[in-house]
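Please open the structure in your viewer and keep the selection panel at hand. The tour below proceeds by selections, with a word at each stop on what can be found there.

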Amino acid sequence: MNALFFAWTASISYGLYVISAKLIGKYQIHNTYLFSFLLTLFSGIMMAIISYTYGGRIPQSWLFISLAAIALSIGNVAGLAAVRVLDVSVISPLFNIRVVMTVVLSYLFLGERYQLDAVLLMVAIIISGFFATMDEKFSLKSFFSRNILIGLLFMLLLSIQSIFINRAIEQTSYWTAMLWMSIISIIVSTILLYPKCKADIADINPKQYMSVAVLAIIAGIGDLAAYKAFEKNVGLSSVIISLPLSMVIAVIVAKWKPNLLENHPVKVYLVRFIATGIMIWGALQLK
């Protein structure tokens, strides 16, 4: 199938993922390390089974598979931490800054070339990112907070992961790369996170396990689709995957049930939507 089909599938899945992860982190599992460990475990097992079924075997090269798995494991922690501390309508526009990061990394490591107008567009996206994170105070200082830094770290890890995945698939095959990325990410997550959350595992009930399992399925669909898209195209796929679908859902929910996710005045959401619209436009030009 066309790479853009997989990119759109990933975009929808990731939109649902952000909303679901926000709800689970807010109301069910407050320990981010535990949440990340369980999510990596469940999604890793699921994706490893699927990948082996479709032909994943022993790779000829381990370097980029291992690097992608490490980025995935650390990225899961940063992602869930970002979703926990940021509004959905803030973290969603930050995915457009991820496009800039991916373009820069593609230039540095994949040999992709861009003109001066692309550089100007990237600057415009970053400046718009300042406004997309504004709250009721309408201060640009809100962009330079610790919480935004966590979100930007997540975006950087996603961009690095995209590059590693592209190289891993190029050196092996799609299903082989997915198989061992999944297995190694579980190992890395266990080493890094299990000691930080083992005391809380006994307190998890079946409903919470089920919530993480469903989230893992949503994430798995998104990841499989995204990785397939990145196999053929990194730049445009990143743009589509970065569309702020979760932001739209969050704003609708905020007006329907204000205390569920987030709640801000209309003028705050208006500024965030305008800034996000500029970021999307700029990201589309970067394809």
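## Aromatic rings

Begin by selecting Phe6, which counts as buried because its relative accessibility is 17%, in a model that is predicted. Add Phe5 to the selection: with a relative accessibility of 45%, Phe5 counts as partly exposed. The rings of Phe5 and Phe6 form an edge-to-face aromatic pair, with 5.5 Å from centre to centre and 75° between the planes.

Next, select Trp62 and Trp180, whose rings form another edge-to-face pair, at 5.0 Å centre to centre and with 75° between the planes. Trp62 lies in the loop between α2 (32–53) and α3 (63–85), while Trp180 belongs to helix α7 (residues 174–201), so the pair ties together parts that are 118 residues apart in sequence. If you draw a distance between the C-alpha atoms of Trp62 and Trp180, the separation is 8.8 Å. Trp62 counts as partly exposed, at 37% relative accessibility. Which residues does Trp62 contact once its neighbours within four places in sequence are left aside? They are Trp180 and Ile184.

Now select Tyr54, Tyr174 and Trp175 together, since ring pairs link these residues into a cluster. In total, the structure holds eight aromatic pairs.

## Charges over rings

For the next stop, display Tyr33 and Lys196 as sticks: the charged end of Lys196 sits over the ring of Tyr33, at 5.4 Å from the centre of that ring. Then move to Trp256 and Lys257, where Lys257 lies over the face of Trp256 and is 5.9 Å from the ring centre.

## A pair of crossing helices

Two packed helices are described by the angle between their axes and by the distance between those axes. Select α7 together with helix α8 (residues 206–232), whose axes come within 13 Å and cross at roughly 145°. This crossing of α7 and α8 is right-handed. To see what makes the contact, show the side chains of Tyr174, Trp175, Met178, Met181 and Ile201 on α7, and those of Tyr209, Leu224, Tyr227, Lys228 and Glu231 on α8. Tyr174 and Trp175, already visited as members of the ring cluster with Tyr54, thus reappear here among the contact residues of α7.

## Three single residues

Select Ala78, which lies in helix α3. Is Ala78 buried or exposed? Ala78 counts as buried, because its relative accessibility is 7% and the cut-off for that class is under 20%. Not counting residues up to four places away in sequence, Ala78 touches Ile150, Phe154 and Leu157. For a longer reach through the model, draw a line from the C-alpha atom of Ala78 to that of Leu284, which is 206 residues away along the chain and separated from Ala78 by 26 Å.

Continue to Lys26 in helix α1 (residues 3–27), a residue that is partly exposed, with a relative accessible area of 33%. With its neighbours within four places in sequence set aside, Lys26 is in contact with Asn259, Leu260 and Leu261. By way of comparison, Gln60 is 34 residues from Lys26 in sequence, and the two are 42 Å apart in space, C-alpha to C-alpha.

The last of these selections is Phe273, in helix α11 (residues 266–285), which is partly exposed at a relative accessible area of 33%. Beyond its neighbours within four places in sequence, Phe273 is in contact with Met247, Val248 and Val251. The C-alpha atoms of Phe273 and Arg84, which are 189 residues apart along the chain, are separated by 21 Å.

## Colouring by confidence

Finally, colour the model by pLDDT. The mean for the protein chain is 87, and 97% of its residues reach 70 or more. Among the elements of the chain, α2 has the highest mean pLDDT, at 95, whereas helix α9 (residues 235–241) has the lowest, at 74. Where pLDDT is low, the predicted coordinates should not be read in detail.

Terms used
Residues numbered from 1 in each chain as written. Predicted model: local features only at pLDDT ≥ 70, side-chain atom pairs only at ≥ 80, totals over all residues. Heavy atoms only, no water. Phe/Tyr/Trp six-rings, centres within 6.5 Å; stacked < 30°, edge-to-face > 60°. Buried < 20%, exposed > 50% of the residue type's maximum accessible area, 1.4 Å probe, protein only. Helix = DSSP H or I, 4+ residues; strand = E, 2+ residues; numbered from the N terminus. Lys NZ or Arg CZ within 6 Å of the ring centre and 35° of its normal. pLDDT = per-residue confidence, 0-100. Axes fitted to C-alpha atoms, helices over the stretch in contact; angles between N-to-C directions. Left-handed = near helix turned anticlockwise from the far one by under 90°. Contact = heavy atoms within 4.5 Å.
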